[in-house]
Amino acid sequence: MVKTSKPTILHLTVDQLHRSDLNVRKKPSSAASDAEVSASLLSVGLIQPMVVIPREAGGYEVVAGDRRRRLLTALAEADPSRKGMTFPCMKVDDLSKVTEISMAENRAREAMSLPDVYKGFAAIRAERPEATLEELGAMFGYDVARTARIMRIANLHPEIMDLYSAGEIGDAEAQAYAATEDRSLQIAVYRQLEQQATRPHEKNANAIRKAMNSGDHELTKLMRYVGVDAYRAAGGDFEADLFSQDGAGIVQNPDVLRDLAEQRVEEDKDRYEHNIVRNGRMLGEKWGLADLQFSWAASPPQIKQYGYLSTDHELRIREQKRGALPKATAKTYASMEKRLAAMIGEDDEPLPGQEEAFEKLTAEMAELDAQRTVILPSKGAVVAVASIENDGTFDVELWFADRAAKGAELPKGATGQRGPKPEPTPGEAERARFGLSKDNMQVMMLIRRDMIRAELMQSACAGSSLALDFMLFSQARTILTPTPGYGNTVYFHGEHQGINDLTHDEDGTTKIHDLVGSRPERAAWLTTKEGLASSAWVSTRDPIEGFILFRQLPASEKNKVTAMIAGHMLLATTSVYAEGRTPRMVRELANCIEAEPGFGRWRDAVELDEAFFSTFSNKARLALLDTWGLADRAKGMKGNETAAFCARIANCDDQDAKLLGLHPDDVAEAVNWLPDFMESGNVPPLPVEEEEQEDDEGDEFGDDEDQDDDHEQIDEAA
């Protein structure tokens with residue numbers, strides 16, 4: 001066995017240490033790396049001794065560890081009190097081994113893996129929980145932003161960190177999980193993707209962020225526009241994704257963000273309106289938007305050509321003419337232009353170190369540009385389309401309202417021009433909120449009628465006169481307000497009273513009838529009618545005998561019959577074959593039922609099963625789950641699966657909640673939920689009365705145009 005001599009350890013000052021040409025490492029280290037090592041030397045001192053040999057001119061040459069020598073010297077020059085400090089050095093006695101030792105010391109050293117670095121930071125945080133991000137970063141020369149990113153990954157769920165250390169997930173995936181500090185959400189998303197993903201890309205960084213609702217494109221754009229501070233000041237909760245661009249993250253209150261964006265858009269539009277000029281006129285006490293022939297539109301003008309509808313780009317005012325700045329401001333602006341030009345290199349990019357100043361100056365110039373007036377064309381109506389760009393800036397495009405406004409002819413093949421898309425009607429807006437087609441909305445209204453029928457029967461059984469009052473009132477008012485027809489014909493229409501003719505019990509189309517006919521609400525109504533139909537006063541052959549038996553019925557039984565008649569008469573919607581809504585009188589009847597003693601809740605009168613939720617669009621179901629705080633559970637589900645999941649949550653009991661891993665409080669909102677159009681509420685007033693038009697076609701569901709107009713007015717009022 002070869003004996004090795006014990007190395008000699010010396011403690012030397014920086015003045016005794018000198019650079020050596022024998023050091024095999026020649027390439028200089030980076031400034032960023034030097035900053036990290038300097039911070040470490042200040043924080044914990046020299047951990048690894050330098051390797052030295054005697055120097056002919058006195059002192060010692062450093063053959064391994066020259067960067068440490070150089071940085072310690074720089075620290076001593078910055079702080080003279082450090083010049084007297086000594087540092088451990090290992091002296092090499094056998095000069096024939098100098099190169100071998102230098103090579104071994106540099107070559108054998110391996111950088112720490114990133115997971116180990118993050119685990120190390122986690123350990124430091126555990127040892128020093130009171131340390132701020134600034135203090136933690138200062139130990140290694142990191143700024144606050146970089147330290148915050150490191151600590152986010154250091155805070156990963158232990159199971160995910162183990163996967164990261166084992167190389168089963170990469171840096172990008174680790175950063176995606178670190179988009180949130182919520183470890184329970186991290187592991188829930190991981191397990192969900194592991195269970196549902198069938199291809200590698202379905203659990204990559206983008207898929208992880210999507211499952212976390214982090215980095216939604218539309219919300220990110222709005223966050224940049226509104227600003228995180230303004231959003232949080234309004235009560236919004238936001239967790240920034242430190243590994244994505246500004247504004248990206250998890251928005252817990254998207255409605256708050258959208259409301260703020262809407263308010264700011266209105267403010268920016270108002271500011272823009274007061275900055276436009278046409279022929280010397282500006283918006284103010286003397287001139288209005290109509291005088292300036294200016295208006296806002298949701299979308300650019302459209303043109304129909306060869307049967308296709310598209311944006312008429314010919315009408316775009318591509319370069320908005322701007323007015324001049326005031327003289328004093330113009331001088332400032334010119335000076336800013338010169339400064340900006342001096343910051344730009346030959347590649348048209350900001351010079352190194354000038355990026356922040358360049359962005360700040362650009363923003364200041366943009367603010368001055370916004371003060372310039374917008375000069376509209378001298379002739380022709382103009383529409384403006386406002387939008388929020390991806391970088392969060394407010395943008396306005398100007399368009400001529402139509403070809404005539406520009407003084408241009410229609411192109412070949414064009415059959416007409418359409419203006420901006422009109423605002424949706426109340427009925428369309430209500431359907432859009434739940435993703436309901438016209439037929440499916442009709443199904444909802446028919447279900448609503450069966451719910452009212454059931455509650456009306458319950459009220460009658462309890463001795464209430466509400467059903468009798470409604471039946472007598474609606475029938476009498478219909479009889480006393482007839483509609484003249486051909487010749488001496490008279491028709492009695494009950495739509496305004498919210499009732500059908502007694503002979504009607506219309507469900508609409510066969511498709512709608514089939515959908516409603518299989519519902520439990522309809523089955524309950526039919527059972528009620530069948531029970532009454534089996535009574536002796538109905539089944540006896542002679543109606544005179546039946547009338548005698550009927551008169552002998554107790555008041556409670558007569559109340560049931562009254563409720564059956566009143567319920568049978570009810571209209572489900574203002575029009576069976578159109579986009580109808582619950583008639584005003586039926587809505588008022590529902591309010592009266594709710595005020596009856598012993599009434600429970602409308603939720604108990606309807607079965608929220610999978611078929612019910614299947615009438616909603618998948619997008620609406622996902623939005624509903626989001627309002628219940630369960631959107632993360634529905635990620636990756638197919639359309640039919642979301643309908644079943646909504647039904648399960650809406651009918652969830654304590655035991656099922658435990659199986660789903662949910663607290664009963666988490667599903668409280670869902671088990672009490674009902675579409676607002678199935679709840680009671682204020683009934684809108686009647687529309688302004690218009691002159692009556694003669695109806696020569698008296699058929700209740702006829703094709704008469706005047707009759708259709710009346711139905712549309714009722715739809716609008718409801």
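**Exercise 1. In β12, which residue is the bridge partner of lysine 304?**

Solution. Begin with the basis of the numbering and the model: residues are numbered from 1 along each chain as its sequence is written. The model is a predicted one, in which local features need pLDDT of at least 70 and side-chain atom pairs count only at pLDDT 80 or more, while totals for chains, interfaces and linings use all residues, and side-chain values use heavy atoms, with hydrogens and water left out.

Next, locate the strands (strands are DSSP runs of E with at least two residues, helices are runs of H or I with at least four residues, and both are numbered from the N terminus). Strand β11 covers residues 302–305 and strand β12 residues 308–311, and the two run antiparallel, joined by four bridges. The partner of lysine 304 in β12 is leucine 309. Finally, look at the connection: β11 and β12 form a hairpin with two residues between them, and tyrosine 306 in the turn has a positive phi of about 55°.

**Exercise 2. Determine the strand order of the two open sheets and identify their edges.**

Solution. Take the five-stranded sheet, whose order is β1-β5-β3-β4-β2 with mixed pairing (two strands pair if DSSP finds at least two bridges between them). Its edge strands, each pairing on one side only, are β1 (8–12) and β2 (17–19), and the twist averages 50° from one strand to the next. At the β2 edge, three bridges join β2 to β4 (residues 60–64) in a parallel run, with leucine 17 standing opposite tyrosine 60 of β4.

Turn then to the open sheet of four strands, which has the order β10-β16-β17-β13 and is likewise mixed in its pairing. Here β10 (294–296) and β13 (316–317) are the edge strands, each of which pairs on one side only. Strand β13 is joined by two bridges to β17 (residues 394–400), and these strands run antiparallel; isoleucine 317 has leucine 398 of β17 as its bridge partner.

**Exercise 3. Describe the packing of α11 with α13 and of α18 with α25.**

Solution. Two packed helices are described by the angle between their axes and the distance between the axes. Axes are lines fitted to C-alpha atoms, for helices over the stretch in contact, and angles run from 0 to 180 degrees between N-to-C directions.

For the pair of α11 (residues 217–226) and α13 (residues 254–273), the angle is about 55° and the axes lie 10 Å apart. The two helices are therefore oblique to each other (under 35 degrees counts as roughly parallel, over 145 as roughly antiparallel, 65 to 115 as roughly perpendicular and the rest as oblique). Among the residues that make the contact (heavy atoms within 4.5 Å) are Leu219 and Met223 of α11 and Leu257 and Arg264 of α13.

For α18 (residues 438–461) and α25 (residues 584–594), the axes come within 10 Å and cross at roughly 40°, and these helices are therefore also oblique to each other. Arg448, Ile452, Glu455 and Leu456 of α18 meet Val586, Leu589, Ala590 and Ile593 of α25.

**Exercise 4. Assess the confidence of the model.**

Solution. Start from the chain as a whole, for which the mean pLDDT (the predictor's confidence in each residue, from 0 to 100) is 81, with 86% of residues reaching 70 or more. Then examine residues 692–718, where pLDDT stays under 50 and the model has 47 contacts beyond four places in sequence. Where pLDDT is low, the predicted coordinates should not be read in detail.
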